Every structure is written in C-alpha cells, then in structure tokens.
Amino acid sequence: MKNTINGLKVYTCGNENNQPIIFVHGFPYDHTMWDRQIDFFNDNYFCITYDIRGLGASEVGDGQYTMEQYVDDLFVIISEMKLQKPILCGLSMGGYLSYRAVERDQNVFKSVIFCDTKAQSDADEVKLVRANKIKQINEEGIGAFVEDFVPICFSDGFKSNHVEKYSSVKSLCKTNNPIGVKGALIAMISRGDSTPFLNKITIPTLHLCGEFDTMTPPEKMKIDAKNISDSQFKVVPNSGHMTPIENPDFVNNSISEFIK
Ligand code: MLT
C-alpha cells in the first residue's frame with residue numbers, strides 16, 4: 001500500500017498488527033532497494049519503507065535538506081502511523097539517519113539494524129569529494145554522476161553476475177531529480193558526528209557489512225559496533241556496499257535471527 005505523509009511516499013506491506021520494521025534506503029537509491037527484505041519479512045512483520053525527501057517519488061521542494069530534517073521526517077512517519085516501538089533498519093545514508101534518530105530518542109525504537117554505514121561524520125576530504133559531485137551534476141548531469149558513483153557501491157562479482165539487476169538499479173538512480181540528489185549530498189556533508197553517542201546506546205543493535213564494502217569497510221564498522229554495549233557484528237559474504245541487494249539471503253537470515 002502507498003501513502004503520502006508530509007510529502008513523502010510511504011509504502012507498507014503486511015499486517016499492521018504485527019511488529020513494525022522501518023527500512024531506510026541509501027543514497028542515491030529509493031525504497032525499492034529493500035524489495036527482497038519486504039518479500040521475506042511481510043508475512044510476520046509490518047514492513048514500512050519510504051523514499052527519503054528529494055529521492056524516488058517523494059517531494060523534492062527546494063533541495064535544502066539537513067540530516068535533522070530527514071530525522072524529523074522519520075519521526076513524523078512514526079507518529080502519523082502510530083507505530084509502536086518499530087525496529088529500524090538503515091543502509092549507509094539511511095544508517096546516518098538512523099544513528100541520529102537513535103541519538104535524538106532511542107526509546108522510540110525496539111532495536112536497530114545498521115547496514116554498511118558509520119557513525120562518524122564526513123572527513124574534510126570526503127566533503128570535497130561531495131562538493132565535486134555537486135559540480136559534476138551541474139556540469140554533466142545526473143547520468144554521469146550515477147555512472148561514476150554507483151559502480152563503487154557494488155562488488156565486482158555482483159556487477160558481472162547480475163548484469164540486468166545492476167543496470168536496472170543504475171537506470172532507476174538516473175530518474176532521481178538532480179535537485180534532490182544535490183540536497184542529499186549537502187545533508188550528508190553538514191551532518192554531525194554520532195560517534196560520541198555510541199556508548200550511550202542501550203537498545204540492541206545488529207551491524208551488517210559487505211565483505212567487499214570499500215565505502216564503509218568492515219574493519220571500521222566493527223569498531224562502531226564494539227562501542228555499543230548490546231551489539232552484534234556480521235560480515236556479509238560476497239557483497240560490496242549494497243548488501244540487501246547483493247546478498248539478500250544472508251541479510252534476511254541475519255536480521256531474522258536478530259529480531260526473533
Ligand atoms: C549510501 O549508500 O547511502 C552512500 O554511499 C552514502 C555516502 O555517500 O556516504
């Protein structure tokens with residue numbers, strides 16, 4: 001089912017009396033990156049996913065976003081839908097958003113799954129890379145940006161063994177409004193650092209990271225997990241940064257074991 005809440009396209013699947021799980025996508029993707037998880041979990045859980053402001057089918061507006069506004073959006077969805085203690089699951093940018101949401105009010109959530117993400121804010125060199133990405137979108141268009149950025153997200157094995165899926169993901173990314181994509185880059189550049197809050201997280205967390213993830217490598221993600229008292233860390237085999245798409249069976253089974 002599809003709803004609009006606060007200008008955001010929200011998609012639900014499953015019985016709303018079941019335990020809710022909210023899936024928050026990465027950049028520059030949309031809610032469909034969680035398709036294999038929704039298929040797997042909707043029999044026993046109430047699955048909610050949405051397009052982050054400016055991406056997918058959600059409202060773009062002026063493109064002036066902050067991570068705080070993304071978190072406000074998440075909290076509006078939770079309160080409008082009257083979700084009780086949802087499980088939160090975020091990948092990469094969706095994970096940055098999840099770390100900040102937990103920092104703002106962890107009691108809202110039953111537990112959190114962090115996929116291929118980090119608590120740390122952008123280092124100066126990353127900010128410069130993102131500034132160049134904005135320039136590239138302005139000068140060469142969204143297509144050129146996607147052709148440069150998306151290949152880094154997927155492992156070589158996935159790109160050569162799943163040519164059709166990989167190409168459909170890229171095509172989908174190219175349909176994003178450039179204003180929304182540039183707005184997301186600015187929201188990431190300007191976000192705060194959630195690292196000092198890690199040792200104050202008391203709810204259970206699961207951290208999943210692709211074996212070949214070069215954007216948020218396993219060694220670094222493991223350190224974030226170690227700083228949280230009730231955490232589990234798992235490396236997702238045969239996968240780059242996009243674990244829910246690249247190795248959905250491993251991701252689904254790991255989440256399933258964790259939330260049981
Ligand atoms: C993502 O997958 O959300 C992006 O890789 C995040 C980022 O660029 O830091």
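This text goes from the overall build of the protein chain to one of its helices, α9.

The model is predicted, so that local features need pLDDT of at least 70 and side-chain atom pairs count only at pLDDT 80 or more, while totals for chains, interfaces and linings use all residues. Residues are numbered from 1 along each chain as its sequence is written, and side-chain values use heavy atoms, with hydrogens and water left out.

The protein chain has 11 helices and eight strands, which are DSSP runs numbered from the N terminus (helices H or I, at least four residues; strands E, at least two). Its C-alpha trace spans about 45 × 40 × 35 Å along the principal axes. Of the 260 residues, 54% are buried, a term for under 20% relative accessible area, whereas exposed means over 50% and partly exposed lies in between (1.4 Å probe, protein chains only). Among contacts (heavy atoms within 4.5 Å) between residues at least 6 apart in sequence, 77% join residues at least 24 apart.

Helix α9, residues 218-226, shows how burial is arranged on a single element: Pro218, Met221, Asp224 and Ala225 are buried. Because these residues cover an arc of only 115 degrees around the axis, they lie on the same side of α9, the arc being that of the directions from the helix axis to the C-beta atoms. An α-helix has 3.6 residues a turn, so residues three or four places apart point the same way. What covers the buried residues of α9 includes α3 (93-105), β6 (111-115), β7 (205-210) and β8 (231-236), while the face turned away from the buried side carries the exposed residues Glu219, Lys220, Ile223 and Lys226.
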